[in-house]
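Let's take a walk through this protein together, starting from one small spot and working outwards. Have the sequence and the 3D view open as you read.

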Amino acid sequence: MTIGIFDGIHRGHMQLFNLTRELAADASGVPLIFTFHNHPLQLKDEGRPIKFITLPSEKVVLLRKLGFNHIACFDFDERFAKMRAGEFFARLRSYISLRALVAGYDASVGADHVRSDESFGKLALEHGFEFMRVGAIAEGDAPISSRRIRALLGEGNVSAANELLVYPYFVRGKVEPGRGIGKSMVRVPTANLLMPPEKLIPLEGVYAGSFYRDHRHYPTALVVVPVDRKPSFLPSDKAIDPPHPIEPGTMLVEAHIIGEDISLYGRTVEFIFLQRLRANQSFSSVEKLKEQISIDLAETIRVFEKSSLKLRFLP
């Protein structure tokens with residue numbers, strides 16, 4: 001078993017997962033990933049905003065793509081927050097036959113913050129399991145971490161973030177009714193996803209991306225924008241209202257699948273972000289916008305083709 005928040009599922013996490021899988025195979029057991037729906041900091045500091053690289057539902061989907069079928073995903077509540085490490089492992093052992101625990105370089109368990117190898121070793125001896133620690137995995141001059149990836153996404157540097165992630169940054173959700181501007185005014189229909197405030201969305205702008213369906217990837221242009229922002233070329237009396245009440249901080253991801261006419265309304269879909277192309281701009285007319293869209297679509301295809309080999313081998 002391995003335990004952690006595992007936000008984003010990066011290459012450091014994969015080292016833990018691979019070792020967990022190997023140990024389970026050696027013991028004729030099953031690899032178990034123990035994780036949480038929420039972040040412990042949300043309970044300790046209710047006013048602290050926590051944004052997830054992968055929402056809990058996305059994390060489970062991704063772990064299953066990576067071949068893990070045994071995932072224990074709990075709410076980190078007051079009961080967990082007050083539980084000491086010894087009690088946690090005693091309770092765990094009453095439900096499963098824990099043979100080994102694989103921990104990351106910065107892992108801490110329990111209200112008593114068991115962190116050192118010596119403390120974990122004592123618990124392992126007391127509760128009858130093997131303990132193994134996996135060191136930090138570095139990229140450049142710093143360890144790979146979810147915090148580092150969040151910072152890159154906040155800058156819009158999804159290509160650098162993707163180098164650290166096991167699976168490229170993606171958004172997943174049900175396609176919502178849109179404003180109709182893309183199809184009616186610029187002849188570029190879009191699928192629209194409303195991203196909740198707790199989802200970490202890259203810096204606003206235009207991105208090259210991919211849409212996966214029926215074992216095939218399609219080049220896709222993506223735009224990240226606040227859901228209530230009105231296009232600058234619309235007359236002032238043409239207000240754009242969201243289709244239904246939304247939470248403050250909700251972001252809109254608009255996706256145009258290049259060269260395809262696929263109806264996605266009402267379906268749950270996934271879009272991968274590959275590279276940021278530019279910041280959002282204001283346009284004086286629809287014609288100016290159309291000119292820039294042509295440039296964006298051509299650049300999206302270029303980036304997609306450069307990434308096609310990596311996309312083909314994704315789980």
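Gly 12 touches Ile 137 and Ile 144, leaving out residues up to four places away in sequence; contact here means heavy atoms within 4.5 Å. You'll find Gly 12 in helix 1, which spans 11-26. Helices (H or I, at least four residues) and strands (E, at least two) are DSSP runs, numbered from the N terminus. Gly 12 has a relative accessible area of 13%, so it counts as buried. The cut-offs for that word are simple: buried is under 20% relative accessible area, exposed is over 50%, and partly exposed is in between, with a 1.4 Å probe and protein chains only. Gly 12 also sits 8.6 Å from Gly 135, C-alpha to C-alpha, with their positions 123 residues apart in sequence.

Before going further, a word on what you're looking at. This is a predicted model, in which local features need pLDDT of at least 70 and side-chain atom pairs count only at pLDDT 80 or more, while totals for chains, interfaces and linings use all residues. Residues are numbered from 1 along each chain as its sequence is written, and side-chain values use heavy atoms, with hydrogens and water left out.

Stay in helix 1 a little longer, because Thr 20 lies there too. Is Thr 20 buried or exposed? At 3% relative accessibility, Thr 20 is buried. A polar atom of its side chain lies 2.8 Å from the backbone oxygen of Leu 16. That is a polar contact: a pair of N or O atoms within 3.5 Å, where, within protein, one must be able to donate a hydrogen and the other to accept it, and residues adjacent in sequence count only if both atoms are side-chain atoms. Setting aside neighbours within four places in sequence, Thr 20 is in contact with Met 1, Thr 2, Pro 31, Leu 32 and Val 102.

Follow the chain past helix 1 and you come to Ser 28, in the loop that leads to strand 2 (33-36). Its relative accessible area is 73%, so Ser 28 is exposed. Most residues other than glycine have a negative phi. Ser 28 isn't a glycine, yet its phi is positive, at about 55°. His 215 is another residue with a positive phi, near 65°, without being a glycine. His 215 belongs to the loop between strand 10 and strand 11, and it counts as exposed at 75% relative accessibility.

Now look at the loop between strand 7 (142-143) and helix 7, where Ser 145 lies. Its side chain reaches the backbone nitrogen of Arg 148 at 3.1 Å. Apart from neighbours within four places in sequence, Ser 145 is in contact with His 10 and Tyr 105.

What about the inside of the protein? The largest nonpolar core has 30 residues, and those with the most contacts inside it are Val 171, Phe 271 and Phe 273. A nonpolar core is a set of buried Ala, Val, Leu, Ile, Met, Phe, Trp, Tyr and Cys residues joined through side-chain atoms within 4.5 Å. Several elements each supply at least two residues of this core, among them helix 7 (146-154), helix 8 (158-164) and strand 13 (268-278). Which strand gives the largest share? Strand 12 does, with four residues. As for Phe 271, its contacts beyond four places in sequence include Tyr 169, Phe 170, Val 171, Leu 193, Phe 211, Leu 222 and Ile 257.

After strand 13 comes the loop to helix 10 (286-312), and Asn 280 is found in that loop. Asn 280 counts as partly exposed because its relative accessibility is 26%. A polar atom of its side chain lies 3.0 Å from the backbone oxygen of Val 224. Its contacts, leaving aside neighbours within four places in sequence, include Glu 204, Gly 205, Val 223 and Arg 229. Asn 280 and Phe 36 are 35 Å apart in space, C-alpha to C-alpha.

Finally, zoom out. The protein has 10 helices and 13 strands, and its C-alpha atoms fill a box of roughly 70 × 40 × 40 Å along the principal axes. Of its 315 residues, 48% count as buried. Among contacts with a separation of 6 or more, 76% join residues 24 or more positions apart.
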